Number of protein chains: 2
Amino acid sequence: MRIGELATKAGVSVRALRYYEEHELLAADRSPSGQRLYAQEAVDRVRLIQQLYAAGLSSRTIVELLPSVVDGNATPELLDRLSVERDHIDNKIAELADARERLDSVIGGATENLRTGRSCRVSAP
Amino acid sequence: MRIGELATKAGVSVRALRYYEEHELLAADRSPSGQRLYAQEAVDRVRLIQQLYAAGLSSRTIVELLPSVVDGNATPELLDRLSVERDHIDNKIAELADARERLDSVIGGATENLRTGRSCRVSAP
DNA sequence: CTAAAACCTGACGTTGACGTCAGAGGCAAG
DNA sequence: CTTGCCTCTGACGTCAACGTCAGGTTTTAG
């Protein structure tokens, strides 16, 4: 498949795919005329890349870890790096859960205020 | 307290605090000579700001929502915005959990490979 | 065959949350 | 008083992950 199709299937821009190649996250074959050609698996790989981006990994980090994640193999050092990133993700999840709780309690309280009658002492009656 | 002390206590840079003032996230009194003066509560407020940043909110969004979060009150519209952000956070948590599972299974598999004897068919025996 | 759509390379633009530097003023200690 | 650290206001620099535009080639639809 060519770049446009992959972009559509994977839900990213064409520019993003060229960026991934430039940064060695995603290799592409070339047609005789120089157009990029991708295998079906590329769709999953792009989704994986996006997932790792969303997890806060930089493209440099992804380059280092992606082979291990794809073929399920790793040296002890890579295993360490993977654990480090896993822990980072754990911490982020905890932070997010905190923030969500905070918003939830605000939402709950404010909803209650609106329900019981206007707001809670905004000004004197 | 002056800006350096707040920066230390809240764990951010002096520059960040000036940035927050510039973007109306955090007001400051001024000494006669023009130096910024903060109350103790500012420490918590800065931590809250950081938490919301970590949750992916932009400074513009934080400006809109911060008053509600701080005093626990909100108009119906703000309540909507809060819910929207809460849902965003929910989605992010789900994505992160996915990514973590992925890393976990890679870590598990690779650890197993190392444990049972080198790697799983890297080359012919 | 031709026009539209997709693709190519290069290169500059964007955005957010600060970093950093310059030049000048303020403030506690010795 | 001066040494040294803190603070001030601009204002330009940074970095990542693309967006966007220019100018040209290739593929596809009719």
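In the predicted model, chain A has a radius of gyration of 23 Å, whereas a compact globule of 125 residues would have one near 14 Å. The C-alpha trace of chain A spans about 80 × 40 × 20 Å along its principal axes. Of the 125 residues in this chain, 22% count as buried. Where contacts within chain A join residues at least 6 apart in sequence, 45% of them link residues at least 24 apart.

The secondary structure of chain A consists of five helices and two strands. Read from the N terminus, these elements follow the order α-α-β-β-α-α-α.

Chain A and chain B each contribute 37 residues to the contact between them. On the side of chain A that touches chain B, at least two residues come from each of α3 (41–54), α4 (59–71) and α5 (76–117). The largest share is that of α5(A), which supplies 26 residues. By residue class, this side of chain A comprises 19 nonpolar, nine polar and nine charged residues.

The model also contains DNA strand C, which is surrounded by 18 residues. The closest of these are A:G4 and A:R36 from chain A, and B:S13, B:A16 and B:S59 from chain B. Two or more residues of the surface near DNA strand C are given by each of α1 (3–10) and α2 (14–22) of chain A and by α2 (14–22) of chain B. In composition, the surface near DNA strand C has eight polar, five nonpolar and five charged residues.

Note on methods. Residues numbered from 1 in each chain as written. Chains lettered and ligands numbered in written order. Predicted model: local features only at pLDDT ≥ 70, side-chain atom pairs only at ≥ 80, totals over all residues. Near = placed C-beta within 6 Å. Helix = DSSP H or I, 4+ residues; strand = E, 2+ residues; numbered from the N terminus. Nonpolar A, V, L, I, M, F, W, Y, C, P; charged D, E, K, R; others polar. Rg over C-alpha atoms; globule rule 2.2 N^0.38 Å. Buried ≥ 20, exposed ≤ 12 C-beta atoms within 10 Å, placed from the backbone. Contact = placed C-beta atoms within 7 Å.
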